[in-house]
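Here is a quick tour of one model, written for someone who likes to know the cut-offs behind the words. Have the viewer open while you read.

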Amino acid sequence: MAKPKPRMFSGIQPSGELHIGNYLGAVKNWVALQHQYDAFFCIVDLHAITQPFEPEEMPQQIFDLALGLLAAGLDPSKCTIFVQSDVPEHSELAWVFTTVTPLGELKRMTQFKDKSSRQESVLAGILNYPILQAADILLYHAEAVPVGEDQVQHIELTRQIANKWNGRFGEYFPEPQAVVGKVRRVLGLDGQAKMSKSIGNTIGVLESPDEIWEKLRPAITDPQRKRRNDPGNPNVCNLFALHRHFSSEEDIAWADEGCRTAGIGCIECKRRLSENIIEELRPIRERALELQQRPEYVIEVLRSGAERASAVAVDTISEVRRRMGLHSATAPAKSEVE
Ligand code: SF4
């Protein structure tokens, strides 16, 4: 009998349509990994509500993201795609883990320190975010977790939580490993901050060729290149970084040389980049247009994904309750009921 594939879990927040930042940083990698692992991909709406959000926009954002994931190449016959809040065991296990997680560990998380330093009033959800993340992963006994570099610390905390719980209630949860993709950080078109829809510095994976060009045309380049004849440094230009992701070796060398010697202008360089991005995204866009005609298929993928995820999650929670002596799994001793 074939050995079962190792389990993998990864989550993505429903911020609407995929953009090239989360495509390069996560989803492109997921499409490859779905063949190696028993992969669970989760649209993490419970994480998303730790930030300001509009309830009436959330269902569309979840749908758009699911459609984008399918268009990008996730195959529901190879992996499980579902929405976090459709499986309530995520929240229950998160609560259980709050009882073994020291407050100090949460407060030292870089992401918490970073977010809380920018807010006057910090919500408990932001502090507890990594506990819910640990629950997401351990609910499925995932051994591998593809993440960006900024999440590695949270996976270390997940291992500590698994370890503490196992120490108290018996060996049960694995200690998962972070799988950090080759693409570390994709900057937005402003060349300053990480590409993010909330900042408005993105290119959407499903945008039309004209829209892509209209966004790239005014994008920030090397500030030293004020005139066409000024030589530049491609290493300080974010558009050159995008060439590395989307262009052939030949085009990368052309942009590198042309920039340094002022042999090409920025507009030419951007035009070539835009053609290469459009070409890579073309099949995804075509598939998305096709899926937009079949919304019931997308909904069905999420429904059957939640069903499959629930089957695993319910087993995990039953065992957690049993080991912790919680009510539904534990009948009182006979003498107590007489
Ligand atoms: Fe950037 Fe290309 Fe302009 Fe150089 S030529 S500054 S790499 S856009």
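The protein chain has 14 helices and five strands, where helices are DSSP runs of H or I with at least four residues, strands are E runs of at least two, and both are numbered from the N terminus. Keep in mind that this is a predicted model, in which local features need pLDDT of at least 70, side-chain atom pairs count only at pLDDT 80 or more, and totals for chains, interfaces and linings use all residues. Residues are numbered from 1 along each chain as its sequence is written, and side-chain values use heavy atoms, with hydrogens and water left out.

On overall dimensions, the C-alpha trace of the protein chain spans about 95 × 45 × 45 Å along its principal axes. Of its 338 residues, 48% count as buried; buried means under 20% relative accessible area, exposed means over 50%, and partly exposed is in between, using a 1.4 Å probe on protein chains only.

Now the ligand. Around the ligand you'll find T221, D222, R225, C237, F240, C259, C266 and C269, each being near in the sense that one of its heavy atoms lies within 4 Å. Sorted by class, that shell holds five nonpolar, one polar and two charged residues. For the classes, Ala, Val, Leu, Ile, Met, Phe, Trp, Tyr, Cys and Pro are nonpolar, Asp, Glu, Lys and Arg are charged, and the others, Gly among them, are polar.

What is the space taken by the ligand? That space is the largest cavity. A cavity here is a set of points, on a 1 Å grid over the protein atoms alone, where a 1.4 Å probe fits but cannot get out. A molecule sits in one if more than half of its atoms lie within 2 Å of its grid points.

One of the ligand's neighbors, C259, is also among the buried residues of α11, so let's look at that helix next. Helix α11 covers residues 249-260, and at 1.5 Å a residue its twelve residues should span 16 Å; the end C-alpha atoms are 17 Å apart, which agrees. The expected span is 1.5 Å times one less than the number of residues.

Which residues of α11 are buried? They are D251, I252, A255, G258 and C259. These cover an arc of only 140 degrees around the axis, which puts them on the same side of α11; the arc is that of the directions from the helix axis to the C-beta atoms. On the other side of α11, E249, E250 and E257 are exposed.

After α11 comes a loop that leads to α12 (266-292). T261, A262, G263 and G265 are all in it. The table gives their accessibility.

| Loop residue | Relative accessibility | Class |
|---|---|---|
| T261 | 48% | partly exposed |
| A262 | 13% | buried |
| G263 | 45% | partly exposed |
| G265 | 5% | buried |

A couple of these loop residues have partners that are some way off in sequence. T261 and G232 are 29 residues apart along the chain, with their C-alpha atoms separated by 7.5 Å. G263 and N229 are 34 residues apart in sequence and 7.9 Å apart in space, C-alpha to C-alpha. For G265 and D114, 151 residues apart along the chain, the C-alpha separation is 39 Å.

Backbone angles next. A262 has a positive phi of about 60 degrees although it is not a glycine. H141, another residue other than glycine, has a positive phi near 50 degrees. H141 lies in the loop between α7 (124-139) and β4 (144-147), and at 23% relative accessibility it counts as partly exposed.

One last pair involves helix α3 (residues 58-72), which contains A71. A71 is buried, with a relative accessible area of 6%. A71 and L289 are 218 residues apart in sequence, and 8.7 Å apart in space, C-alpha to C-alpha.

Technical notes: 1 Å grid on protein atoms, 1.4 Å probe; cavity = no way out; pocket = protein on both sides within 12 Å on 5 of 7 lines; lining within 4 Å.
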